[in-house]
Amino acid sequence: MRHAPCRYGRSYIGFTMKENNHPAFRAEGLTKVYGSGDTQVFALRGVNLEVPRGEMVVLLGPSGSGKSTLLNILGGLDSPTEGHVYFDHQELTAFDDRHLTQFRREHVGFVFQFYNLIPSLTAGENVALVTEIASNPMEPEQALKLVGLEQRIHHFPAQLSGGEQQRVAIARAIAKQPNVLFCDEPTGALDSKTGIVVLEAIARVNRELNTTTMVITHNAGIADMADRVLYMADGQIQESRTNETPCEPSALSW
Ligand SMILES: Nc1ncnc2c1ncn2[C@@H]1O[C@H](COP(=O)(O)OP(=O)(O)OP(=O)(O)O)[C@@H](O)[C@H]1O
């Protein structure tokens with residue numbers, strides 16, 4: 001079980017925790033329509049959502065229910081057809097492309113199912129690619145330490161297991177100290193034992209950096225580690241369930 005003092009008021013490697021608890025994100029009436037005419041697809045149908053700072057959210061739902069579309073819009077990778085997104089009181093949906101790029105660069109880390117590491121660069125160099133362009137990065141060594149891979153800093157992706165490569169991808173995503181971490185099927189390509197090690201890295205970042213975290217998964221077993229579970233169906237959030245006693249990833253089973 002996690003305790004509130006772990007969440008707030010800690011500092012880590014010179015990073016000062018954010019004490020207040022106003023929403024990191026607020027989404028109002030998000031609709032996303034792809035295509036037109038006969039081929040029109042409603043990916044989102046009027047989604048309203050608030051995500052408090054530091055919350056760990058797990059997003060469940062059948063294939064095609066709109067999970068990735070929602071995360072991509074919150075993360076500034078895509079824009080809605082209708083509706084508004086606010087991040088820290090700023091309206092993302094009013095940003096032009098340049099400001100959206102800046103928002104992503106400064107505030108958002110993404111982790112996807114496939115790790116997308118550059119094969120010719122070591123783990124440390126893959127992480128450094130991000131820290132070189134960030135305004136307040138941690139050292140690549142520190143990011144790799146947070147995911148338990150400081151010993152592998154000079155290894156190339158081909159010398160690492162799938163789970164280790166995913167943890168390098170997490171280190172790369174969090175090295176710029178983002179306010180938010182979005183993970184789309186981060187354990188989708190991993191066996192359960194390796195998946196748990198990856199989830200432990202995500203939970204540790206959420207706890208120690210107070211990073212607002214949203215994890216998409218098809219695996220309902222993962223939901224037990226979340227502060228809140230959102231169930232999506234047919235482009236809508238059908239249910240939002242708060243988990244009073246989120247468990248450590250090591251206690252998950254699937
Ligand atoms: N670029 C696109 N063009 C057309 N339709 C799209 C596009 N992206 C997504 N869609 C459609 O929008 C709907 C929602 O897709 P989305 O990827 O958000 O679902 P999901 O819940 O993340 O699915 P999965 O679990 O399979 O990844 C689906 O019907 C999908 O086919």
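Student: At about what angle to E3 does helix H2 run?
Tutor: In this predicted model, helix H2 comprises residues 67–74. The helix lies across strand E3 (23–34) as well as E4 and E6. Relative to E3, helix H2 runs at about 125 degrees.

Student: Which strands are the edge strands of the open sheet of four strands?
Tutor: The sheet has the order E4-E3-E6-E7, with antiparallel pairing. An edge strand here pairs on one side only, as holds for E4 (41–52) and E7 (90–91). The edge strands are therefore, given that two strands pair if DSSP finds at least two bridges between them, E4 and E7.

Student: Which residue in E7 is the bridge partner of Phe 87?
Tutor: Strand E6 spans residues 82–87 and runs antiparallel to E7, to which two bridges join it. For Phe 87, the bridge partner in E7 is Gln 90.

Student: Which helix gives the most to the largest nonpolar core?
Tutor: This core holds 64 residues, and those touching the most other members include Ile 170 and Ile 202. Eight residues of the core come from a helix spanning residues 192–209. The helix that gives the most is H7.

Student: With which residues is Ile 170 in contact, leaving aside its neighbours within four places in sequence?
Tutor: Ile 170 is among the core residues that touch the most other members. With those sequence neighbours left aside, its contacts are Val 111, Val 147, Ala 201, Ile 202 and Val 205.

Student: How far apart are the end C-alpha atoms over residues 25–254?
Tutor: The unreviewed UniProt entry annotates these residues as "domain: ABC transporter". Over this range the chain is 29% helix and 27% strand. The separation of its end C-alpha atoms is 30 Å.

Note on methods:
Residues numbered from 1 in each chain as written. Predicted model: local features only at pLDDT ≥ 70, side-chain atom pairs only at ≥ 80, totals over all residues. Contact = placed C-beta atoms within 7 Å. Axes fitted to C-alpha atoms, helices over the stretch in contact; angles between N-to-C directions. UniProt positions renumbered as here; feature names shortened; annotations may be inferred. Core = buried A, V, L, I, M, F, W, Y, C linked by C-beta atoms within 7 Å. Buried ≥ 20, exposed ≤ 12 C-beta atoms within 10 Å, placed from the backbone.
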